[in-house]
Amino acid sequence: MTTSVLVVSASVGAGHDGAARELTQRLEAKGVRTQTVDFLDAAPRIGPMIKAVYEFQLRVAPWSYEALYRVCYLGWILCAPLGFLLAAVFGRQLRRWATELGASAVVSTYPLSSVALGRLRTRRWRPLDIPAITFITDFAVHPMWVHPGIDLNLCVHPDSAATAREATGRPATAPGPMVAQGFRSEVPSRAAARLEMGIPADAQVALVVAGSWGVGELEETFAALAACGDWFPVAVCGQNEGLRQRLEALGTGKVLGWSDKMPQLMAASDVLLQNAGGLTCMEAFAVGLPVVTYRPIPGHGRQNAINMDLAGVAIFATDTESLRAALERATDPGREMARLGRAMFCGDAADEVHEMAVASAPIPLPVMHHSLPRRLALAGTAAVTLYAGLNVVGDAANAAGVDAARPPANSLSVYPFVRLGAQALSDPTLPALLAHDHFSAVVNGGLAMAYPTAVRQLARDGVPVANGGNRAPTNLDVLTVGNNVSTAADLITDDTGLPVTLYAPGAVINDSDLIFAAAAHEQIVRSRRLAIKELEIKGATKLAPGGVYMVAGSGATGPQLESVLRTLHATIAGENLTSSYLPPTSSPTPT
């Protein structure tokens with residue numbers, strides 16, 4: 001019978017996929033049949049949201065990721081309900097993938113899939129009956145990496161393995177990092193690598209990286225490196241094109257975007273300056289390149305930096321002065337730190353996975369029984385956690401202007417929108433008025449379905465129709481999309497024959513709204529609300545140049561709305577401003 005292993009990774013950065021790819025290559029070399037799946041694909045609506053929220057946190061609100069990372073150290077009070085939810089949402093597809101492959105074992109290289117698999121192994125009803133293994137790609141073992149239902153934790157360092165054993169009471173070993181063969185035995189000489197990569201032969205080279213997403217404070221790192229003396233920086237910005245352009249404009253060193261020449265770049269460098277402790281860091285250990293951490297990203301980046309420094313395999317520099325000392329120490333002739341890094345590669349995780357897969361016998365687990373009060377506490381904590389993730393972070397993203405349409409700089413126009421209701425939309429004279437005065441319309445999905453002819457007339461008169469969602473948003477949306485962005489957009493497009501480019505939510509926006517708007521390429525209209533009664537008093541509204549305003553006309557009749565819009569138009573003209581349509585792509589999304 002053919003031995004088969006299901007490998008569960010996640011397209012969140014490159015580290016998890018990189019470890020999964022190397023593991024499958026080594027297993028297949030042993031005659032094992034493998035299949036690699038993306039954990040996020042197990043729940044097509046929720047999975048992309050997790051990725052988008054994580055990327056948003058790292059790029060825009062790192063404080064929120066740091067807080068979530070630290071809160072998880074509270075232990076079961078948070079991790080247990082999250083494990084329950086992850087298994088409930090992703091577990092069915094995980095089990096289906098394993099069954100279809102006929103898997104003898106399943107290996108996770110991503111923390112959330114590890115927790116979900118651990119929960120599946122320990123459930124009382126239809127537990128997963130094959131060994132579940134985790135390969136922990138981080139040096140730091142976060143509580144969301146480990147679960148007592150996992151049969152074996154494979155770690156990159158003995159200190160990490162000891163932490164995993166203590167946290168779970170389950171077996172944990174340290175075969176070392178999983179990096180590609182090109183970093184272990186095929187690295188070119190320094191002279192050849194510098195010639196190939198166009199790096200000065202006599203320079204003191206610091207390779208500066210920020211992962212595949214290019215997140216972190218690389219511009220500040222460049223400035224600190226310049227203050228440390230005669231260093232030639234080589235920056236790899238990953239997929240962050242904006243960062244690449246900004247660093248390139250400095251005219252210092254060599255700046256690259258995404259590169260598949262990392263073995264050559266590492267061979268050409270004297271030190272790696274990094275901020276995450278992920279796959280690139282492990283590749284440097286394999287090459288024998290000294291590693292210094294500076295300005296680490298929050299959460300796992302900071303904890304990896306601390307743990308690697310304690311283990312002696314990397315140095316954590318906390319300011320410019322300590323960075324200067326770290327660079328000198330890392331590149332001293334003894335290279336003791338580099339030797340300790342290479343010593344981590346003492347085994348092969350594929351051997352241990354192969355052994356468990358051939359046996360196909362999971363280690364017996366005690367069945368977890370919880371009292372009713374404990375179950376209720378878990379469920380309540382899970383609901384609160386998910387609510388906070390979907391709503392609080394979403395509101396913060398919206399406030400920060402993520403995916404927001406913005407007026408041009410120094411604009412002398414105002415950008416008025418009118419949220420329409422059924423009475424106003426059915427007024428046949430309104431479209432011409434909106435078009436004449438350059439007012440954009442906001443229509444929700446219910447109106448687009450009930451009054452397609454009226455919505456079609458708006459488009460015919462040249463009035464931009466923005467997506468108003470499909471119902472009134474609330475503060476209590478948890479698993480639902482707060483404003484049903486995609487449904488409303490489809491209905492409006494069906495009516496007008498035009499793509500929807502702007503999304504105008506209500507006062508509250510949750511993460512699912514933010515994500516589905518981004519997926520549909522709709523930028524978010526962030527506006528100041530203008531009440532009908534306020535506008536009925538001529539001159540009551542003071543308008544700012546470049547301001548985006550939303551007339552709350554969903555409850556107004558056609559004549560009433562027409563009256564206040566004429567008043568608003570007169571106010572705009574009286575302040576020597578003009579009304580304009582808001583360009584949907586006037587400003588790039590902040591990175």
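Is N576 buried or exposed? Keep that question in mind while opening this predicted model, and select N576 as the opening stop of the tour. With a relative accessible area of 71%, N576 is exposed, a class that begins over 50%. The residue is found in the loop between α24 (558–574) and β20 (578–579), and its phi is positive, at about 60 degrees, although N576 is not a glycine. Most residues other than glycine have a negative phi.

Next, select H438, where the backbone again deserves a look. Phi of H438 is near 60 degrees, a positive value in a residue other than glycine, and the place of H438 is in the loop between α18 (430–437) and β14 (440–443). At 34% relative accessibility, H438 counts as partly exposed, whereas N576 is exposed.

The two loops just visited lead to two helices, so named in the loop descriptions as α18 and α24. Display both helices together: α18 and α24 pack at an angle of about 10 degrees, with their axes 11 Å apart. Because angles under 35 degrees count as roughly parallel, α18 and α24 are described as roughly parallel to each other. To see the contact itself, show the side chains of L430, L433, L434 and D437 in α18, which meet L561, E562, L565, R566 and H569 in α24. The residues of this contact divide into five nonpolar, one polar and three charged.

Now move to the sheet, and colour its strands in the order β9-β8-β7-β10-β11-β12, which gives an open sheet of six strands with parallel pairing. At the edges are β9 (254–256) and β12 (315–317), each of which pairs on one side only. Neighbouring strands of this sheet are turned against each other by 20 degrees on average, direction ignored.

Within the sheet, select strand β7 (residues 205–209) together with strand β10 (residues 271–274), which pair in the parallel sense over three bridges. For a position to centre on, take A206, which stands opposite V271 in β10.

As a last selection, add helix α11 (residues 279–287), which packs on the sheet and touches β7, β10 and β11 (291–294). Viewed against β10, the direction of helix α11 makes about 165 degrees with that of the strand.

Notes
Residues are numbered from 1 along each chain as its sequence is written. This is a predicted model: local features need pLDDT of at least 70, side-chain atom pairs count only at pLDDT 80 or more; totals for chains, interfaces and linings use all residues. Side-chain values use heavy atoms; hydrogens and water are left out. Helices (H or I, at least four residues) and strands (E, at least two) are DSSP runs, numbered from the N terminus. Buried means under 20% relative accessible area, exposed over 50%, partly exposed in between (1.4 Å probe, protein chains only). Two strands pair if DSSP finds at least two bridges between them. Axes are lines fitted to C-alpha atoms, for helices over the stretch in contact, and angles run from 0 to 180 degrees between N-to-C directions. Contact means heavy atoms within 4.5 Å. Angles under 35 degrees count as roughly parallel, over 145 as roughly antiparallel, 65 to 115 as roughly perpendicular and the rest as oblique. Ala, Val, Leu, Ile, Met, Phe, Trp, Tyr, Cys and Pro count as nonpolar, Asp, Glu, Lys and Arg as charged, and the others, Gly among them, as polar.
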